[in-house]
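User: I would like to learn how to read a protein model. Please take me through it feature by feature.

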Amino acid sequence: KLDFSKNVDASFIHKNNLSKGLRQQYNLVTFIQEFARRNNLIWDVKPNSILPGGKVIVTNQITDTMFNSLQVDCVEHEGENYDILMLVPPSLVDDKGFKLLDAFKNFGVFLFDGTNKDRDEYSIDDRECRVYQYDSCRGLEGWTTICLCFDELIQYKKDTYIDDPETSFGLTPEARRHDYAYLWSLMPLSRPINTLVIHLKDKDSEVGKLLKQMSNDMNDIVKWEVK
């Protein structure tokens, strides 16, 4: 971890811990806050009333019709295809990059494949949506973010968790694994500004059932579009 304050006169250093979200719209922050609460996680970011709006869509199908509506929404808010960010788990990536690149191209969606390890540039074409692995999403943002196979992300993080009993805080190994996976998942959930699309491979997964309950309780924010 870099410490930019090292060797700097302390009188020049002023720390300001912000408690209100300054990037995501109100409903998205409210959703993430409730998602964290239901998973017994500490998440202190509060929604900001000067940034109204925001919506969450939970689905198990990403169709050309849905993608087109997301593109139209971006354009209506003075954005471009570039403002749509898609995040994917390792299971959808091989040595050539994103496995579904051609499938999306077939229904008219062109992607900058940020999962391709041989890429030597960043996306500069505003006609291209961006796709990256979840593990590379820190610092990225989009007007709309699509979390593809979100339930696989949760399982992937559980499977790759390395337990440290010295930081147990009185929790069981399974509880620590759960907290790690769900705390990590807050990072991709906090990438969008306006629209969060959560795609599920298995609607009956642990997180799928949680999101279904949240859609029942928060139907003014969360739209359940699972077939």
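Analyst: We will go from the whole chain to helix H4, then to charges and backbone angles.

User: What should I know before starting?

Analyst: This is a predicted model, where local features need pLDDT of at least 70, side-chain atom pairs count only at pLDDT 80 or more, and totals for chains, interfaces and linings use all residues. Residues are numbered from 1 along each chain as its sequence is written, and side-chain values use heavy atoms, with hydrogens and water left out.

User: How many helices and strands does the protein chain have?

Analyst: Helices (H or I, at least four residues) and strands (E, at least two) are DSSP runs, numbered from the N terminus. The protein chain has six helices and nine strands.

User: What does "buried" mean, and what share of the residues is buried?

Analyst: Buried means under 20% relative accessible area, exposed over 50%, and partly exposed in between (1.4 Å probe, protein chains only). Accessible areas come from the Shrake-Rupley method with a 1.4 Å probe, and for residues only the protein chains shown count as cover. Of the 227 residues in the protein chain, 46% are buried. The chain's accessible surface is about 13,200 Å², and carbon and sulfur atoms hold 50% of that.

User: How do I read contacts?

Analyst: A contact means heavy atoms within 4.5 Å. Among contacts in the protein chain with a separation of 6 or more, 71% join residues 24 or more positions apart.

User: Why is helix H4 called largely enclosed?

Analyst: Helix H4 covers residues 150-159, and seven of its ten residues are buried, so the rest of the structure largely encloses it. Among the buried ones are Phe150, Leu153, Ile154 and Lys157. Their cover includes helix H1 (26-38), strand S7 (142-147), helix H5 (173-189), strand S8 (192-199) and helix H6 (206-217).

User: What is a salt bridge, and how many are there in the whole structure?

Analyst: A salt bridge is a side-chain nitrogen of Lys or Arg within 4 Å of a carboxyl oxygen of Asp or Glu. The whole structure has eleven. One of them pairs Asp135 with Lys157, with the closest N and O atoms 2.7 Å apart. Asp135 is in the loop between strand S6 (129-133) and S7, and Lys157 is in helix H4, so the pair ties together parts that are 22 residues apart in sequence. Lys157 is buried at 5% relative accessible area, while Asp135 is partly exposed at 39%.

User: Where do Glu174 and Arg177 lie?

Analyst: Both lie in helix H5, three residues apart, about one turn of the helix. Their side chains form a salt bridge at 3.0 Å, N to O. There is also a network of salt bridges that links Glu34, Arg37, Arg38 and Asp217.

User: Which residues gather in the patch of negative charge?

Analyst: Patches are made of residues with over 30% relative accessible area and no salt bridge, with like charges joined within 9 Å. Asp and Glu count as negative, and the place of a charge is taken as CG of Asp or CD of Glu. Here Asp94, Asp95, Asp118, Asp120 and Glu121 gather in such a patch on the surface. Asp95 sits in the loop between strand S3 (93-94) and strand S4 (97-98), and it is exposed at 62% relative accessibility.

User: Which residues have a positive phi without being glycine?

Analyst: Two examples are Asn40, with phi near 60°, and Glu78, with phi of about 65°. Asn40 lies in the loop between H1 and strand S1 (55-59) and is exposed at 68%. Glu78 lies in the loop between helix H2 (64-76) and strand S2 (84-88) and is exposed at 78%.

Notes. Patches are made of residues with over 30% relative accessible area and no salt bridge: like charges are joined within 9 Å, nonpolar side chains (Val, Leu, Ile, Met, Phe, Trp, Tyr) within 5 Å.
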